[in-house]
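Here is a friendly walk through some side-chain pairings and packing. Keep the structure open beside you as you read.

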Amino acid sequence: MGKAVADGKIQHQVAALPFRRTADGDVSVLLVSSRETHRPLIPKGWRMKGKTDRKAAAIEAMEEAGVLGTPSRTPIGHYRYWKRLPDCFALVDVDVYSLEVTENLSDWPERTQRQRQWMSCEDAAVVVDEPGLAHILQSFRA
C-alpha cells in the first residue's frame, strides 16, 4: 500500500544557505547530509513560534551544520519539494536565506547525525536532489 498525501495544504519551511568566501575570492557553500537517507541538502526546518523566519533559518544552520553567521534580511529564493512524513508525503515550500558564516563550531547538536561538506555552488547544484534548490545554488551570488 502506498503512502497518502497530506491534506493538500502546502507546508512552509525555512532554510539557510551557509556560505563563505575563499582566499581567492570564490564562494563556497556548506551542504549537510540528511539524517535518514544521507542525501546532500542545506539546513532547513519548520517555522518557529516567536522567531522570524531568518532567525529560524540561522538556528537550523547552527543545529544541523554547526555554523554561526548572519542570515540575509529576505529570502534569496524559494523552492518546493515533497517531504516524507511518518504516514504521508507533504508538499513543502521552502524560503532560503543566505547565511554568511562567521564561525564553524566543533561541537553542535546534530554533529553525530550528519556530515557537512564545503563545495563550490556549481558542485553543490549537481549533487542536491531538488531542482529548485539546484537552481538557487547555480544562481547564487554572495
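Asp 93 sits in strand 8, and in this predicted model its side chain makes a polar contact of 2.6 Å with the side chain of Arg 80. Leaving out residues up to four places away in sequence, Asp 93 also touches Ile 10, Gln 11, His 12, Gln 13 and Tyr 79, along with Arg 80.

Now to the charged pairs. Side chains of opposite charge can pair when their charged atoms come close. There are ten salt bridges in the structure, and the table sets out some of them.

| Salt bridge | N to O distance | Accessibility of the Arg | Accessibility of the Glu |
|---|---|---|---|
| Arg 35 and Glu 110 | 3.4 Å | 42%, partly exposed | 11%, buried |
| Arg 39 and Glu 130 | 3.5 Å | 28%, partly exposed | 7%, buried |
| Arg 114 and Glu 64 | 3.6 Å | 9%, buried | 7%, buried |

Where do Arg 35 and Glu 110 lie along the chain? Arg 35 belongs to the loop between strand 3 (27–33) and strand 4 (40–41), while Glu 110 belongs to the loop between strand 8 (88–104) and strand 9 (116–120), so their salt bridge ties together parts that are 75 residues apart in sequence. Arg 35 is partly exposed, at a relative accessible area of 42%; Glu 110 is buried, at 11%.

The side chains of Arg 39 and Glu 130 form another salt bridge, at 3.5 Å from N to O. This pair also links distant parts of the chain: Arg 39 is in the loop between strand 3 and strand 4, and Glu 130 is in the loop between helix 2 (121–127) and helix 3 (131–139), 91 residues apart. Arg 39 is partly exposed, with 28% relative accessible area, whereas Glu 130 is buried, with 7%.

For Arg 114 and Glu 64, the salt bridge spans 3.6 Å from N to O. Arg 114 lies in the loop between strand 8 and strand 9 and Glu 64 in helix 1 (residues 53–65), so this pair joins distant parts of the chain, 50 residues apart. Through salt bridges that share partners, Arg 35, Glu 64, Glu 110 and Arg 114 are joined into one network. Arg 114 is buried, with a relative accessible area of 9%, and Glu 64 is buried too, with 7%.

Glu 64 leads us to helix 1 itself. Its 13 residues should span 18 Å at 1.5 Å a residue, and the end C-alpha atoms are 17 Å apart, which agrees. Besides Glu 64, the buried residues of helix 1 include Asp 53, Ala 56, Ala 57, Ala 58, Ile 59, Glu 60, Ala 61 and Ala 65. What do the buried residues of helix 1 pack against? They pack against strand 2 (11–21), strand 3, strand 5 (44–46), strand 6, strand 8 and strand 9. Just after helix 1 comes Gly 66, which takes a positive phi of about 70°.

One more residue is worth a look. Ser 72 is found in the loop between strand 6 (67–71) and strand 7 (77–84). Is Ser 72 buried or exposed? Its relative accessible area is 15%, so Ser 72 is buried, as the cut-off is under 20%. Neighbours within four places in sequence aside, Ser 72 is in contact with Arg 54, Tyr 97 and Ser 98.

Key:
Residues are numbered from 1 along each chain as its sequence is written. This is a predicted model: local features need pLDDT of at least 70, side-chain atom pairs count only at pLDDT 80 or more; totals for chains, interfaces and linings use all residues. Side-chain values use heavy atoms; hydrogens and water are left out. A salt bridge is a side-chain nitrogen of Lys or Arg within 4 Å of a carboxyl oxygen of Asp or Glu. Helices (H or I, at least four residues) and strands (E, at least two) are DSSP runs, numbered from the N terminus. Buried means under 20% relative accessible area, exposed over 50%, partly exposed in between (1.4 Å probe, protein chains only). Contact means heavy atoms within 4.5 Å. The expected span of a helix is 1.5 Å times one less than its number of residues. A polar contact is a pair of N or O atoms within 3.5 Å; within protein, one must be able to donate a hydrogen and the other to accept it, and residues adjacent in sequence count only if both atoms are side-chain atoms.
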